[in-house]
Amino acid sequence: MRTIRFRIWDKAEYNWIEPKYASLYTEFDKDNKWNFSVGAVADSGIIISEFTGLNDDESKPIYEGDIVEFYDEVVGYCKGEICFEAGMFIIACDQLEDSYIGLNEFANSEGWCDNVRVKGNIYQNPELIKEKE
């Protein structure tokens with residue numbers, strides 16, 4: 001089971017804030033499946049990023065919105081953004097044939113991502129993602 005953790009970006013203050021104002025809501029739907037949703041103070045000035053449950057090859061936690069450098073056997077070294085799409089965490093990268101790869105492709109059994117390194121995030125370091133070309 002993975003650790004469920006969040007970080008919150010305050011767009012107005014341009015920094016990370018404590019997640020004390022965020023709550024995780026769970027409930028069963030009509031098919032007895034769990035539904036998860038995240039609620040926060042009604043403030044459009046914050047962005048909630050979820051922890052992927054994995055660390056990079058330098059033991060740094062990987063979150064949604066992180067910019068990572070990784071090695072792809074076809075393209076070589078690339079940079080991409082961590083996103084949550086279609087029920088899984090992916091690395092979105094235009095250099096790849098499908099424009100993304102599942103983060104789980106790099107995960108080992110100990111919760112580390114081999115050949116993946118967090119370089120920054122899209123909030124504090126947006127220029128990093130533009131350097132990928």
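What follows is a chat about a predicted model of a protein.

Trainee: How many helices and strands does the protein have?
Mentor: One helix and 11 strands.

Trainee: And what pattern do they follow along the sequence?
Mentor: The pattern reads β-β-β-β-β-β-β-β-β-β-β-α, with the helix after the strands.

Trainee: What share of the residues is buried?
Mentor: Of the 133 residues, 36% count as buried. The protein exposes about 8600 Å², and carbon and sulfur atoms supply 46% of that area.

Trainee: Contacts next. What share join residues at least 24 apart?
Mentor: Counting contacts between residues at least 6 apart in sequence, 48% join residues at least 24 apart.

Trainee: Now the open sheet of five strands. What is the strand order?
Mentor: The order is 10-9-8-7-11, and the pairing is antiparallel. The twist averages 40° from one strand to the next.

Trainee: Why do strands 10 and 11 each have one side without a neighbour in the sheet?
Mentor: Strand 10 (100–102) and strand 11 (116–121) stand at the edges, and each has a single partner strand, so one side of each is left without a neighbour there.

Trainee: What about strand 7, mostly covered or mostly open?
Mentor: Mostly covered: five of its seven residues are buried.

Trainee: How many bridges does strand 7 make with strand 8?
Mentor: Six, with the two strands running antiparallel. Valine 68 has glycine 80 in strand 8 as its bridge partner. A hairpin of three residues links strand 7 to strand 8.

Trainee: And with strand 11, how many bridges?
Mentor: Five, again in the antiparallel sense. Phenylalanine 70 stands opposite valine 116 in strand 11.

Trainee: Going the other way from strand 8, how many bridges pair it with strand 9?
Mentor: Strand 8 (residues 76–85) pairs with strand 9 (residues 88–92) over five bridges, in the antiparallel sense. Glutamate 85 stands opposite methionine 88 in strand 9.

Trainee: One residue to finish on: tyrosine 71. Which strand is it in?
Mentor: Tyrosine 71 is in strand 7, which covers residues 66–72.

Trainee: Why does tyrosine 71 count as partly exposed?
Mentor: Because its relative accessibility is 35%, and partly exposed lies between the cut-offs of under 20% for buried and over 50% for exposed.

Trainee: Which residues does tyrosine 71 touch, leaving out those up to four places away in sequence?
Mentor: Gly76, Tyr77, Phe106 and Asn115. The C-alpha atoms of tyrosine 71 and asparagine 115 are separated by 5.8 Å, with the two residues 44 apart along the chain.

Conventions: Residues are numbered from 1 along each chain as its sequence is written. This is a predicted model: local features need pLDDT of at least 70, side-chain atom pairs count only at pLDDT 80 or more; totals for chains, interfaces and linings use all residues. Side-chain values use heavy atoms; hydrogens and water are left out. Two strands pair if DSSP finds at least two bridges between them. Helices (H or I, at least four residues) and strands (E, at least two) are DSSP runs, numbered from the N terminus. Axes are lines fitted to C-alpha atoms, for helices over the stretch in contact, and angles run from 0 to 180 degrees between N-to-C directions. Buried means under 20% relative accessible area, exposed over 50%, partly exposed in between (1.4 Å probe, protein chains only). Contact means heavy atoms within 4.5 Å. Accessible areas come from the Shrake-Rupley method with a 1.4 Å probe; for residues, only the protein chains shown count as cover.
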